[in-house]
Amino acid sequence: MVFYQARKAFKTEEEAEDFTQEVFLKAYESLSTFRGAAQFSTWIFQIAKFQLSKEFRKKKISVKPFDSTEHEFAESKTISVVEEIHQEQTHGILRDMIAKLPKSYQLPIILHYFENKPLKEISSELNIKLNTIKSHISRGKELIRKWWKHEID
């Protein structure tokens with residue numbers, strides 16, 4: 001499944017084979033993070049989508065614009081599609097990480113960052129001291145940073 005999708009994304013079969021090998025290596029290295037919430041094949045496919053996004057980001061940096069404005073326009077549309085895919089994947093990964101957080105960290109983060117509630121209001125709503133709310137948000141963010149670093153390495 002990964003190789004089939006890679007063949008569509010890359011120009012040569014060799015590039016697709018290399019990419020597929022990288023995906024399975026990444027999956028092996030990340031095996032301890034597989035929670036079993038989804039099928040194993042779905043999990044590997046998500047890794048492949050993320051790695052593909054990383055691959056396109058690398059190539060985007062090395063691409064030099066052509067002199068022709070037509071080519072620049074086509075290139076910018078391609079880059080924006082890749083960025084859109086990457087952003088969607090990033091949001092999905094972030095949602096998964098927030099879902100993995102302990103409930104005591106998860107709820108204050110959701111209320112503050114996604115529902116834009118002030119910390120005092122969250123404290124009052126959850127009947128938890130303000131400093132405890134701040135601490136839970138800080139610890140939750142630190143866990144997400146740690147997981148994120150592991151995800152993109």
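These legends describe close-up views of a predicted model.

In this predicted model, local features need pLDDT of at least 70 and side-chain atom pairs count only at pLDDT 80 or more, while totals for chains, interfaces and linings use all residues. Residues are numbered from 1 along each chain as its sequence is written, and side-chain values use heavy atoms, with hydrogens and water left out.

**View A. Confidence along the protein chain.** The mean pLDDT (the predictor's confidence in each residue, from 0 to 100) is 77, and 76% of the residues score at least 70. Among the elements (helices, H or I, of at least four residues and strands, E, of at least two, taken as DSSP runs numbered from the N terminus), helix 6 (residues 119-126) has the highest mean, 92, and helix 4 (residues 69-100) the lowest, 62.

**View B. The aromatic pair in helix 3.** Phe 40 and Trp 43 sit 3 residues apart in helix 3 (residues 40-62), about one turn of the helix. Their ring centres are 5.5 Å apart and their planes meet at 35°, a tilted pair (centres within 6.5 Å; under 30 degrees stacked, over 60 edge-to-face, the rest tilted; for Trp the six-membered ring is used). Trp 43 is buried, at 15% relative accessibility, whereas Phe 40, at 41%, is partly exposed (buried is under 20% relative accessible area, exposed over 50%, partly exposed in between; 1.4 Å probe, protein chains only).

**View C. Helix 5 and the residue after it.** Buried residues of helix 5 are Tyr 105, Gln 106, Pro 108, Ile 109 and Leu 111. Asn 116, which follows helix 5, has a positive phi, near 55°.
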